[in-house]
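Biologist: Could you walk me through this model slowly, and explain each term when it first comes up?

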Amino acid sequence: MHVTMEDVLMPLHKRYVSLVIFSLLFCCASTSVSHYSIPEEMKEGSVITNLATDLGLDVKTLNQRKMRVDIIANKKYLDVNKETGELFIVEKIDREHIGLCNRKNSCFLTLEVTLDNPVRIFNTEVEILDMNDNAPQFRRETIYLDISEATPVGERFSLSNAVDPDVGINSVRTYHLSESNQFNIEVQTGRDGAKFADLILIKTLDREQQSVHNLILTAVDGGTPARSGTASVIVRVLDTNDNSPTFETNSLTVKILENSPIGSLVIDLSATDLDEGSNSDVTYSYSLYTSEKTQETFNLNPTSGEITVKGMLNYEDFRIYDMEVIATDKGANSLSGQCTIKILVEDMNDNHPEISIKSFQSPVSENIKLDTVIAVVSVSDKDSGDNGLVDLHIPDNMPFKLRESSDNYYELVVSEPLDREKVPEYDITFTVTDRGSPPLSDNETMTLELLDVNDNVPQFPQSFYTIRVMENNAPGALLSSLTAFDPDLHENQYLVYFILEKEIANTSMSMLFSINPENGNLYALKTFDYEIEKDFVFHIEARDSGSPPLSSNVTVHIIIVDQNDNAPSIVSPWCERGSVVEEKIPRSTDKGSLVAKVIALDKDSVHNSRITYQFLQLADASLFSLDQYNGEIRTMRMFSYKDPRHHRLVVVAKDNGEPALSATVTIKLLTVETAVKAYSDMTEMSLEYDIFSDINLYLVIGLGSVSFLLLITILVTIVLKCQKVKPSKSAPPSRNSVISERNSTIADSTLVSNDAYWYSLFLAETRKGKLVVRQPVPKGSRYIVSSIPRGTGLSETSDSAASTLQVGCTECYFVCIDRFSF
């Protein structure tokens, strides 16, 4: 349990106050000197007694009479309260530091209490009682003692005593020593009552077992509770020469090879002495039992104990050497130890094995048969025993193996198939090793060359080549270099390239393409037209010059890439080159009515043939609009009286090529005053209604004649076209057949094809009837053609919903008409 100073002082203070009161009553009757006793370390402000009461003074007059206390000391530890007459502590009193006690058992503070009016002086003594507030302390924290291991048991050694500032029972009372088998203590009392301890040896010391003893000495005072202090006692044991040098073993057998060079280490003797200093320094020497022959052959180092070769060793002359070595220390009374050594001389493997190549066949063909003998090798060694036994081997991971044919003769045979393309030659190292210790070896390297065999076919880097060729290429242009590789050598490696004959449309590939037979460069022999030929597929063969020759082929796919080399062609409204198309439209036409429809065609591929339309010349931009995708020209508002009667519209049709090509058409539009109803949605009406609506008889007769002539012309044209010979597949498609009529309009057209592009085939409609305009289409394409009048839900579809059209053919579903003008 933890005990504080306040816990100790408070009960003592109460006890001493009681003693003071008793003493005052007694003293007042017997003497004029007041005596008080207080413990040290009381708190500041603690009241000792009431002097006014003890001295019989009136408390009310103390301040008036200037009551004061004078202390005969360096500091003012005590003072009096003039209001109450109480004597109290001003500064904490430490008995060991006030300078008045000087380690005396009794310690007093002398006070003079003085009053004025009248003057009176009272002498008072305050005894400072000691408290156990200090622990014993040693002058040195560590005490060193040097004791010889030869010191007899019972020897005493004085130890430094501890000091305690406290007095009386609170000072040092006894000592304790930590547990030890070698030492004990005895506590002594001095003349002045001080306590000290002696260290006593109770068991003989042995430095070799324990050279240092670490002890703890504890001093304990007599206070309550007791306090203590410690010091470390280190006992160093001094050595005496009581141990002789010893070897690890008293007898040794050592083997050494003959012909060992002079100075070679035979053995390193090491004798140990458990003593220290000069008592452990050891020197080595031969004993008298060692022969002169041995001393002449081997040298003994007197300091380190190393035995080295001094003379030549020969197994055949002398095989065993015996010696005795003495180790002596340098103590005052020197001690020594002995060791017997037997040295055995061993035979040395001093002859290298020999290898001899009796025959070696090089070069050999790479297709040599397995187990064929390539070389014959013999080995030998002049040594005997294991030193004369030899082994022959070649490097691992080689397609060869050694086969023993007779005593010390070996055959080198082929164990795996050879491939010159992987390894053209082998460096075969024959290594012979004896079984001596250490083993000796010899080697010899032979180079085996392999002859090439035509066993590899030419190899193309790719199994399929796709070559893109821009149309309109120059004849003789280099298309690509198709180079094959053959890992064989010489003539087996020389390659020749051919185009395998193949006919397309009665045309041989050799008429279209040419290949350099030496380097595989592929050339075009003609200029290609994408609109006629799209691609070619053929094979190229590479053949080596071996015997027999080997070959391989590769597939080549030539793709003709389209160029924008065809300008758009205006097919509706049709007009002769440089002429102007004239159209009439009622001035009462509503807003959004279809005025005309421009249709252009382009023979190029899908990307280059995508056409957009725009006005190149337009007088009034607020009157007409042009759809850039379908070419429809519509009114943006109704005509007013301010608008001119004639309008000139120039439309340009531009393809999507790079650079873009274009065609233009000029439409001269005349607005007329008429009662005929304009159908902005171009709804199809019956021919009879158009002809006989509010016109006179002469116009009917004239139109009938024109219609009859037109019908005869159409029938004659159909007969002539159908009698024409069908062109070949490779022939270019026929020229476009288009019918156009002045003042004509174009109905909506719908076309579904594998190219998903609408304008390759369209349906044209005039105010006097319908006609079909046919364009050349790709072979095998499928189209659905329908005419859908605007503003109606009706649809007129050709007799066959899905018709297959061939280039240059005439089907009953379409009318083919030669170009003509009215």
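Biologist: Where is His490 found?

Modeller: His490 is in the loop between β35 (478–481) and β36 (495–499); helices (H or I, at least four residues) and strands (E, at least two) are DSSP runs, numbered from the N terminus. Please keep in mind that this is a predicted model, in which local features need pLDDT of at least 70 and side-chain atom pairs count only at pLDDT 80 or more, while totals for chains, interfaces and linings use all residues. Residues are numbered from 1 along each chain as its sequence is written, and side-chain values use heavy atoms, with hydrogens and water left out.

Biologist: Is His490 buried or exposed?

Modeller: His490 is exposed, at a relative accessible area of 51%. Buried means under 20% relative accessible area, exposed means over 50%, and partly exposed is in between, with a 1.4 Å probe and protein chains only.

Biologist: What is phi doing at His490?

Modeller: Phi of His490 is positive, about 55°, although His490 is not a glycine. Most residues other than glycine have a negative phi, and most peptide bonds are trans. Asn397 is another non-glycine residue with a positive phi, near 60°; Asn397 lies in the loop between β29 (390–393) and β30 (400–406) and counts as exposed at 82% relative accessibility.

Biologist: And which peptide bond leading into Pro118 is cis?

Modeller: The bond from Asn117 to Pro118 is cis, with omega near -10°, and Pro118 belongs to the loop between β6 (108–115) and β7 (120–129). A cis peptide bond also joins Ser362 and Pro363, where omega is about 5°, and Pro363 lies in the loop between β26 (354–360) and β27 (364–365).

Biologist: Let's zoom out, then: how many helices and strands are there?

Modeller: The protein has 6 helices and 57 strands. Of its 822 residues, 40% count as buried. If we take contacts (heavy atoms within 4.5 Å) with a separation of 6 or more, residues 24 or more positions apart account for 66% of them.

Biologist: Which strands does β50 pair with?

Modeller: Strand β50 (residues 646–654) pairs with strand β47 (residues 612–618) in the antiparallel sense over 6 bridges, and β50 also pairs with strand β51 (residues 662–672) in the antiparallel sense, over 9 bridges. Two strands pair if DSSP finds at least two bridges between them. As for single bridges, Leu618 has Leu649 in β50 as its partner, and Val650 has Thr666 in β51.

Biologist: Back to single residues: what does the side chain of Asn521 join up with?

Modeller: A polar contact of 2.9 Å joins the side chains of Asn521 and Ser481. A polar contact is a pair of N or O atoms within 3.5 Å; within protein, one must be able to donate a hydrogen and the other to accept it, and residues adjacent in sequence count only if both atoms are side-chain atoms. Asn521 is in strand β40 (residues 521–524) and counts as buried at 14% relative accessibility. Leaving aside neighbours within four places in sequence, Asn521 has contacts that include Leu478, Ser480 and Ile515.

Biologist: And which backbone nitrogens does the side chain of Asn50 reach?

Modeller: The side chain of Asn50 reaches the backbone nitrogen of Ala52 at 3.1 Å and the backbone nitrogen of Thr53 at 3.2 Å. Asn50 is in strand β2 (residues 47–50) and is partly exposed, with a relative accessible area of 22%. Leu87 is 37 residues from Asn50 in sequence, yet the two are 5.9 Å apart in space, C-alpha to C-alpha.

Biologist: Last topic, rings: how many aromatic pairs are there?

Modeller: Rings of Phe, Tyr and Trp (its six-membered ring) pair if their centres lie within 6.5 Å, and planes under 30 degrees apart count as stacked, over 60 as edge-to-face and the rest as tilted; by this rule the count comes to 12 aromatic pairs. One of them is Phe298 with Tyr321, which is edge-to-face at 5.0 Å centre to centre and 80° between the planes. This pair links distant parts of the chain, with Phe298 in strand β22 (residues 298–300) and Tyr321 in strand β24 (residues 320–329), 23 residues apart. Both Phe298 and Tyr321 are buried.

Biologist: Which residues form an aromatic cluster?

Modeller: Phe513, Phe528, Phe536 and Phe538 form one aromatic cluster.
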